[in-house]
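Reader: I would like a close look at a single part of this model, namely the strands and what lies against them. Could you go through the pairing partner by partner, and then turn to the side chains and rings around it?

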Amino acid sequence: MNVLFRIGARTVFILLMGLGLAGCGDQQELAQSLDPVAFHDSDECHVCGMVLADLPGPKGQAVEKSGVKKFCSTAEMLGWWLQPENRQRGARLYVHDMGRSDWEHPDNNHLIDAASAYYVIGTSLQVSMGVPLATFADEQTAQGFAEAHGGRVLRLEEIDQRLLQEAASMQHEDIHEDVHVDALSA
């Protein structure tokens, strides 16, 4: 009987230790899986399906335990994230720090947490899709960018769907006005 008790107790102990270690592994995996990842030549935008390679301007990504969604612009990412069903997913959002990146080729080594970023909206620079929304880790750098390229500095909590739609409408009007002026001068 003592032998059976020791075998049973040992088995239960081993199972509990295994479950405990497995729980620790999940916490470590969760922490690792929410870090930003590099953009690659074959990556496609989660919203529009465009290949991200060689597209200008800052990109965004939503990192969840289940995987990473990449976006061809910060506005595309925020448009996706602002949908109520996506805000509940627990994703960490990352954007390029354009204070340390070239506009034409954002640097994967300078991805920052979107929640702490400064956003410049209303610039004349081009992005692949949506509204040009430049992102910066530093407020002074964002202010300098806004002075040089137009626009205003915002924080993430100031950006909503209405703002993105208004900016897109204004950009759309500017494009048609430029085309109209070009056609008249031809």
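**The sheets and what lies across them**

Author: Strand S1, which covers residues 60–64, pairs with S2 in the antiparallel sense, and five bridges join the two. This description rests on a predicted model, and every value that follows is computed from it. One residue pair gives a reference point within this pairing, since Ala62 has Lys69 in S2 as its bridge partner.

These two strands belong to an open sheet of four, whose order is S2-S1-S3-S4 and whose pairing is antiparallel. The edges are taken by strand S2 (67–71) and strand S4 (111–113), each of which pairs on one side only. From one strand to its neighbour in this sheet, the average turn is 25°, with direction ignored.

Helix H2, formed by residues 74–81, lies across S1, S2 and strand S3 (92–96), and its axis runs at about 165° to that of S3. H2 is mostly covered, with eight of its eight residues buried. The buried residues of the helix are Thr74, Ala75, Glu76, Met77, Leu78, Gly79, Trp80 and Trp81, a list in which the charged Glu76 stands beside residues such as Met77 and Leu78.

The aromatic contacts can be taken up from here, and under the ring-centre criterion there are three aromatic pairs. In one of them the rings of Phe71 and Trp80 have their centres 5.4 Å apart and their planes at 40°, so this pair counts as tilted. Phe71 and Trp80 are both buried. Trp81, also among the buried residues of H2, has a different kind of partner: Arg87 lies over the face of its ring, at 4.0 Å from the ring centre.

The other sheet to consider is also open, and it has three strands in the order S6-S5-S7, again with antiparallel pairing. Here S6 and S7 stand at the edges with a single partner strand each, so one side of each is left without a neighbour in the sheet. The twist from one strand to the next averages 35°.

Strand S5 (residues 118–121) pairs with strand S6 (residues 133–136) in the antiparallel sense over four bridges. Two residue pairs fix the register of this pairing: Ile121 has Leu133 as its bridge partner in S6, while Tyr119 stands opposite Thr135 in that strand. Four bridges also join S5 to strand S7 (residues 152–155), and these two strands run antiparallel. In S7 the residue that stands opposite Tyr118 is Arg155. The charged end of Arg155 also sits over the ring of Tyr118, 3.9 Å from its centre.

In a regular strand the side chains alternate between the two faces of the sheet. Which residues, then, cover the two faces of S5? Tyr118 and Val120 lie on one side and Tyr119 and Ile121 on the other, and all of them are buried, leaving both faces of this strand covered.

Helix H4 lies across S5, S6 and S7, and its axis runs at about 5° to that of S5. A residue of this helix, Gly144, is not buried but partly exposed, with a relative accessible area of 35%. The C-alpha atom of Gly144 is separated by 9.8 Å from that of Gly99, which is 45 residues apart from it along the chain.

Beside Gly144 in the sequence is Phe145, which takes part in an aromatic cluster together with Trp103 and Phe136. A pair of aromatic rings is described by the distance of the centres and the angle of the planes. Both Trp103 and Phe145 are buried. Their rings have centres 5.9 Å apart and planes at 20°, so the pair is stacked. It links distant parts of the chain, given that Trp103 is in the loop between S3 and S4 and Phe145 is in helix H4 (residues 139–149), 42 residues away.

To set these details in the whole, the protein has five helices and seven strands, arranged along the sequence in the pattern α-β-β-α-α-β-β-β-β-α-β-α. Of the contacts between residues at least 6 apart in sequence, 60% join residues at least 24 apart, and buried residues account for 37% of the 186 residues.

Technical notes: Residues numbered from 1 in each chain as written. Predicted model: local features only at pLDDT ≥ 70, side-chain atom pairs only at ≥ 80, totals over all residues. Heavy atoms only, no water. Buried < 20%, exposed > 50% of the residue type's maximum accessible area, 1.4 Å probe, protein only. Contact = heavy atoms within 4.5 Å. Pairing = 2+ DSSP bridges. Axes fitted to C-alpha atoms, helices over the stretch in contact; angles between N-to-C directions. Phe/Tyr/Trp six-rings, centres within 6.5 Å; stacked < 30°, edge-to-face > 60°. Lys NZ or Arg CZ within 6 Å of the ring centre and 35° of its normal.
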